[in-house]
Amino acid sequence: MHYLDHAATTDLRPEAAEEWLRVAGETGNASSTHAAGQRARRILEESRERIAGVLDAEPIEIVLTSGGTESVNLALQGLWRARDAGRERIVLPDGEHHATLDTVAALAASGAGVRPVPIDPTGRIPVAAFADALSGGDGSRPGAAALATALVANNEVGTLNDAPALSQAAAAAGVPLHLDAVAALGHVPVSFRTWRGAANPGSGLVALSVAGHKIGAPVGTGALVVARSARLAALLHGGAQQRGLRAGTQDVAGAAALAVAAERAEAERAVEAARLASLRDALVAGIRAQVPDAALLGDPDPAGRLPGNAHLLFPGAPSESLLFLLDVAGISASAGSACQAGVAEPSHVVQALGRSEQEARSVIRFSLGRTSSPADVDAVVAVIGDAYRRASGAGTAARS
Ligand SMILES: Cc1ncc(COP(=O)(O)O)c(C=O)c1O
């Protein structure tokens, strides 16, 4: 099998799996005061320190969660519930992940105003437009926003945003900012402290989401970095664990596995990013040699996109047909869009780049990761020309 969907989820790292099993075999609740509990507590707090080390945050700022969706929900709903009186608007760039879109939609249904920020044709959030949205009301809701959110890296087209500049803009406007670093971690540097800078308490970057399964930790692990000074309401009640922000018995084995995976991913990042970028470039060149009409979406500058992301538009070829033909050839890729009841939705990200609905139904995201090799690239290049002709109907027409 040729797996080119590492952005959906990537292989569990053997060292993380080993650590997970080892710690899961230990007895003890990290909140218990007896020796077994204290042993669990020690493993948990050491893991928290190691995760904080990778994200360049303080250990106390790490709130362990079940993954990206929970982290995003805790950040957005938590910041909204704790907002200053009179602040009624959420700044939401176009092209965000559904974890964000759907959470903001739920808040909007209960009264929040939403100020969208169009992204540019490469998928990047323009910092000036973002800054404008933070402070310039929207008519019905004047004044500064209650909160803002943004992707560090777009999970579909791979475009990187200027995280420090977005944080500075939020700090200047006195608005708390959440960054979704789920797609970015392990591929580009992520530094909570540096990006937050000398922000005022409660504004600028205050929360940052990551997910374990995108970096080789088990599914069901993740974290939200929450600045000490952030005002955030808990969504789960029932205990004082994790600063009272996430009640419930803590997953010590998950934390230990996440710590191992995060440290490994960070240690390998620079070398791995260069390796993946060169595989990605070979993949794009190989596809375009077979399908000259295929267009790379996102930032054409390799430095402006995730190293393992190749997102292409195949004009006139429905994503489902291409994905089916690739799957039959043993290749797993994705359209990068939600699939409901077997019908692929046109990608909202591709439409936000200014592309038509039909174009947004004709895209494939190939995403490379730790286990990717030149054989995966060769496999795609070998079948993509035929798959494109068949999917776009040209092959059928030529034969009939
Ligand atoms: C950018 C981004 N945010 C959030 C999520 C949700 O993360 P999880 O699958 O861990 O819930 C994903 C998952 O694909 C993602 O890519």
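The largest cavity in this predicted model has a volume of about 40 Å³. A search of the whole structure finds one cavity of 30 Å³ or more. Its lining consists of Asp-94, Gly-95, Glu-96, Ile-119, Gly-123, Ile-125, Leu-151, Asn-154 and Asn-161. Sorted by class, that lining has three nonpolar, four polar and two charged residues.

Next, the pockets. The largest pocket has a volume of about 860 Å³. It is lined by 48 residues, and the closest to its centre are Ala-7, Ala-8, Asn-155, Lys-214 and Arg-365. Where does the largest pocket lie? Residues of its lining come both from domain 1, which is 2-8 plus 268-399, and from domain 2, which is 14-263, so the pocket lies between the two domains.

As for secondary structure, four elements each supply at least two lining residues of the largest pocket: helix H3 (68-81), helix H4 (98-109), helix H8 (252-290) and strand S14 (363-367). Which of them gives the most to this lining? That is H8, with six residues. The lining of the largest pocket as a whole splits into 16 nonpolar, 21 polar and eleven charged residues.

The second largest pocket has a volume of about 160 Å³. Among the residues that line it are Leu-79, Arg-83, Asp-84, Arg-87, Pro-176 and Arg-231. Its lining comprises six nonpolar, two polar and four charged residues.

Now the sheet. Seven strands make up an open sheet, with mixed pairing, and the order across it is S2-S8-S7-S6-S5-S3-S4. At the edges are strand S2 (62-65) and strand S4 (113-117), each of which pairs on one side only. On average, and ignoring direction, neighbouring strands of this sheet are turned by 20° against each other.

H3, which we met at the largest pocket, packs on this sheet. H3 touches S2, strand S3 (89-93), strand S5 (147-151), S6, S7 and strand S8 (222-226), and its direction makes about 155° with that of S7.

Staying with S7 for a moment: strand S6, residues 176-180, and strand S7, residues 204-211, run parallel and are joined by five bridges. Within that pair, Leu-177 stands opposite Leu-205 in S7. Pro-176, where S6 begins, is also one of the residues lining the second largest pocket.

The last element is helix H5, residues 127-135. Which strands does H5 lie across? Those are S3, S4, S5 and S6, and H5 runs at about 165° to S3.

Note on methods:
Residues are numbered from 1 along each chain as its sequence is written. This is a predicted model: local features need pLDDT of at least 70, side-chain atom pairs count only at pLDDT 80 or more; totals for chains, interfaces and linings use all residues. Side-chain values use heavy atoms; hydrogens and water are left out. On a 1 Å grid over the protein atoms alone, a cavity is a set of points where a 1.4 Å probe fits but cannot get out, and a pocket is an open set with protein on both sides within 12 Å along at least five of seven lines; lining residues have an atom within 4 Å of a point. Grid points are joined across faces, edges and corners, and a volume is the space filled by probe spheres set on the points. Ala, Val, Leu, Ile, Met, Phe, Trp, Tyr, Cys and Pro count as nonpolar, Asp, Glu, Lys and Arg as charged, and the others, Gly among them, as polar. Domain bounds come from an automatic or database domain assignment. Two strands pair if DSSP finds at least two bridges between them. Axes are lines fitted to C-alpha atoms, for helices over the stretch in contact, and angles run from 0 to 180 degrees between N-to-C directions. Contact means heavy atoms within 4.5 Å.
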